[in-house]
Amino acid sequence: GRKLDVMRANPKVFFEGVCDVVPFEGDVACKYGVTYASIMGRGTAELVEDVEEKKLGLSVLMKTQTGKDFTFDDKLTTVVSVIRIDVSEYTAKHRPAPKR
């Protein structure tokens with residue numbers, strides 16, 4: 001589709017992910033906040049064409065989302081696109097809750 005054509009023309013990407021977001025309270029307004037862990041980075045996106053690599057990518061994604069193991073047949077991989085990001089640089093950050 002059009003979006004994949006745009007990606008192929010300019011495969012440079014920036015990505016960001018955040019998890020473990022938990023709000024916390026403080027004695028005064030400026031001591032309220034959230035704990036979190038995050039990652040940001042740059043890389044190159046590539047559409048995965050190899051059926052076995054697509055199956056592996058889908059299996060890993062489902063495992064992280066559900067905690068369960070799934071298998072995929074060749075036919076299913078023809079109806080989805082899998083994009084791999086080859087990461088060139090990244091930074092990570094963690095903000096814990098303040099000690100009370």
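I began with the nonpolar patch, where E3 gives the largest share, four residues. The model I am reading is a predicted one. The patch covers about 450 Å² of surface and is made by Ile39, Ile83, Ile85, Val87 and Tyr90. I looked up one of these residues, valine 87, and found its place in strand E3. Valine 87 has 45% relative accessibility and therefore counts as partly exposed.

Entry on strand pairing. I checked how E3 is joined to E2: the two strands run antiparallel and share twelve bridges. For a register point I noted serine 38, which stands opposite lysine 93 in E3. E1 and E2 also run antiparallel, with eleven bridges between them. Here my register point was glutamate 16, opposite methionine 40 in E2.

Entry on backbone angles. Which residue other than glycine has a positive phi near 55°? I noted aspartate 20. Most residues other than glycine have a negative phi. Aspartate 20 lies in strand E1, which spans residues 12-24. Its relative accessibility is 55%, so aspartate 20 counts as exposed.

Entry on salt bridges. How many salt bridges does the structure hold? I recorded seven. Side chains of opposite charge can pair when their charged atoms come close.

I looked at arginine 84 and glutamate 46, a salt bridge whose closest N and O atoms are 3.0 Å apart. This pair links distant parts of the chain, with arginine 84 in strand E3 (residues 83-95) and glutamate 46 in strand E2 (residues 33-47), 38 residues apart. Arginine 84 is partly exposed, at 26% relative accessibility. Glutamate 46 also falls in the partly exposed class, with a relative accessible area of 39%.

I then followed arginine 84 to aspartate 86, where a second entry in my list gives a salt bridge with the closest N and O atoms 2.9 Å apart. Aspartate 86 is partly exposed, at 36% relative accessibility. I wrote down the network of salt bridges as well: Glu46, Glu53, Arg84 and Asp86 are linked in it.

Entry on helix H2. I looked up glutamate 52 and lysine 55, which form a salt bridge with the closest N and O atoms 3.3 Å apart. Why is their spacing about one helical turn? The two residues are three apart in helix H2 (residues 51-66), so about one helical turn separates them. Are the two partners buried or exposed? Glutamate 52 is exposed, because its relative accessible area of 51% is over the 50% cut-off. Lysine 55 is buried, because its relative accessible area of 17% is under the 20% cut-off.

Entry on threonine 77. I found threonine 77 in helix H3, residues 74-77. With a relative accessible area of 1%, threonine 77 is buried. Which residues is threonine 77 in contact with, leaving aside its neighbours within four places in sequence? I listed Val51, Lys54, Lys55 and Leu58. Of these contacts, Lys55 is also the salt-bridge partner of glutamate 52 noted above.

Closing note. My pages on charged pairs return to arginine 84, which is bridged to glutamate 46 and to aspartate 86. My pages on the strands rest on two antiparallel pairings, E1 with E2 and E2 with E3.

Conventions:
Residues are numbered from 1 along each chain as its sequence is written. This is a predicted model: local features need pLDDT of at least 70, side-chain atom pairs count only at pLDDT 80 or more; totals for chains, interfaces and linings use all residues. Side-chain values use heavy atoms; hydrogens and water are left out. A salt bridge is a side-chain nitrogen of Lys or Arg within 4 Å of a carboxyl oxygen of Asp or Glu. Buried means under 20% relative accessible area, exposed over 50%, partly exposed in between (1.4 Å probe, protein chains only). Contact means heavy atoms within 4.5 Å. Patches are made of residues with over 30% relative accessible area and no salt bridge: like charges are joined within 9 Å, nonpolar side chains (Val, Leu, Ile, Met, Phe, Trp, Tyr) within 5 Å. Accessible areas come from the Shrake-Rupley method with a 1.4 Å probe; for residues, only the protein chains shown count as cover. Two strands pair if DSSP finds at least two bridges between them.
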